[in-house]
Amino acid sequence: EPEPTRGRICVFEVRDRSLVLVTARTTRGAVYALRSFSGGRLLSTINSRLQMWRWEDQEGGSHELSSEAQASGQVLSLSAKTRGDFILCMDLMKSVSVYLYEATDAQLKEVARDHSSTWPTACEFIDDDAFLAADTSNNLYSLRKNPEATSEEERKKLDIIGQYHLGDQVNVLTPGSLV
């Protein structure tokens, strides 16, 4: 099949040094990434969408993942990074997008997007407004939200504020410090 139509999220628990399956949830599409999220939620990228799940206790002591919110608009959502209620989604062909999870109405809202057609290989938050990404052309590029823009269209656009040719492909970006 050209695009996977089924996938599965499995939740395990460690009991007596063994893995025990707690619950499994079938999805409509391949699961490419999973991230823990605030409030005991789980964020996943499934084919072309972001999906937020919540953990629900069932009768008899069992547990289940229940879909809470989703957002579409990618070609293929390969990865997601989180920072507070913000989500940085990396798409196969459409660079990166920033989403905000609003718990009060259980919605994933797109805040901003990079409209360039790069093929990203990694992405990460620098802070709440700035982001770093790498692409298949061996480049690093930094992006920034533009909250002071006068129009809604400009506020929803991520501006490229730096471009760096490394000459090597980057697969993972991880925040940290060497001091």
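Residues count as partly exposed when their relative accessible area falls between the buried limit, under 20%, and the exposed limit, over 50%. Arg15, at 43%, is therefore partly exposed. Please keep in mind that this is a predicted model. Below is a friendly tour of its cores, ring pairs, salt bridges, surface patch and two backbone spots.

**Nonpolar cores**

- The largest nonpolar core has 13 residues, and those touching the most other members are Leu88, Val96, Phe131, Leu143 and Leu158.
- At least two residues of this core come from each of strand 8, strand 9, strand 11 (120-125), strand 12 (130-135) and strand 13.
- Strand 8 gives the largest share, with three residues.
- Leu88 has contacts with Ser79, Ala80, Lys81, Val96, Ser97, Val98, Cys123, Glu124, Phe125 and Phe131, once residues up to four places away in sequence are set aside.
- Another core lies apart from this one; it has 12 residues, including Phe37, Met52, Ala80 and Leu108.

**Aromatic pairs**

- How many aromatic pairs are there? The count comes to two.
- In one pair, the ring centres of Phe37 and Tyr101 are 5.6 Å apart and the planes meet at 85°, so this pair is edge-to-face.
- Phe37 belongs to strand 3 (residues 31-37) and Tyr101 to strand 9, so the pair ties together parts that lie 64 residues apart in sequence.
- Phe37 and Tyr101 are both buried.
- Phe125 and Phe131 also make an edge-to-face pair, with 5.5 Å from centre to centre and 65° between the planes.
- Both of these rings belong to buried residues, Phe125 and Phe131.

**A buried serine in strand 13**

- Ser142 sits in strand 13 (residues 139-144).
- Is Ser142 buried or exposed? Its relative accessibility is 6%, so Ser142 counts as buried.
- Beyond its neighbours within four places in sequence, Ser142 is in contact with Phe131, Leu132, Asp159, Ile160, Ile161, Gly162 and Tyr164.

**Salt bridges**

- Side chains of opposite charge can pair when their charged atoms come close.
- Searching the whole structure turns up 10 salt bridges.
- One of them joins Arg15 to Glu13, with 2.5 Å between the closest N and O atoms.
- Glu13 has a relative accessibility of 34%, so this residue counts as partly exposed.
- Another salt bridge joins Glu68 and Arg41, where the closest N and O atoms are 2.5 Å apart.
- This pair links distant parts of the chain: Glu68 is in strand 6 (residues 63-72) and Arg41 in strand 4 (residues 41-46), 27 residues apart.
- Glu68 counts as buried because its relative accessibility is 17%, and Arg41 counts as buried at 19%.
- Lys109 forms a salt bridge with Glu102, and here the closest N and O atoms are 3.1 Å apart.
- Lys109 is partly exposed, with a relative accessible area of 34%, and Glu102 counts as partly exposed at 23%.
- Arg41, Arg54, Glu56 and Glu68 are joined into one network by salt bridges that share partners.

**A nonpolar surface patch**

- Which residues form a nonpolar patch on the surface? They are Phe12, Val14, Leu19 and Leu21, which together have about 430 Å² of accessible area.
- Strand 1 (7-15) and strand 2 (18-27) are the elements that give two or more residues to this patch.
- Leu19 is found in strand 2.
- The relative accessible area of Leu19 is 61%, so this residue is exposed.

**Backbone spots with positive phi**

- Most residues other than glycine have a negative phi.
- Ser95 is not a glycine, yet its phi is positive, near 60°.
- Where does Ser95 lie? Its place is the loop between strand 8 (86-91) and strand 9 (96-102).
- Ser95 counts as buried because its relative accessibility is 0%.
- Ala106 also has a positive phi without being a glycine, at about 45°.
- The loop that holds Ala106 runs between strand 9 and strand 10 (107-113).
- With a relative accessible area of 26%, Ala106 is partly exposed.

Terms used: Residues are numbered from 1 along each chain as its sequence is written. This is a predicted model: local features need pLDDT of at least 70, side-chain atom pairs count only at pLDDT 80 or more; totals for chains, interfaces and linings use all residues. Side-chain values use heavy atoms; hydrogens and water are left out. Helices (H or I, at least four residues) and strands (E, at least two) are DSSP runs, numbered from the N terminus. Buried means under 20% relative accessible area, exposed over 50%, partly exposed in between (1.4 Å probe, protein chains only). Rings of Phe, Tyr and Trp (its six-membered ring) pair if their centres lie within 6.5 Å; planes under 30 degrees apart count as stacked, over 60 as edge-to-face and the rest as tilted. Contact means heavy atoms within 4.5 Å. Patches are made of residues with over 30% relative accessible area and no salt bridge: like charges are joined within 9 Å, nonpolar side chains (Val, Leu, Ile, Met, Phe, Trp, Tyr) within 5 Å. Accessible areas come from the Shrake-Rupley method with a 1.4 Å probe; for residues, only the protein chains shown count as cover. A salt bridge is a side-chain nitrogen of Lys or Arg within 4 Å of a carboxyl oxygen of Asp or Glu. A nonpolar core is a set of buried Ala, Val, Leu, Ile, Met, Phe, Trp, Tyr and Cys residues joined through side-chain atoms within 4.5 Å.
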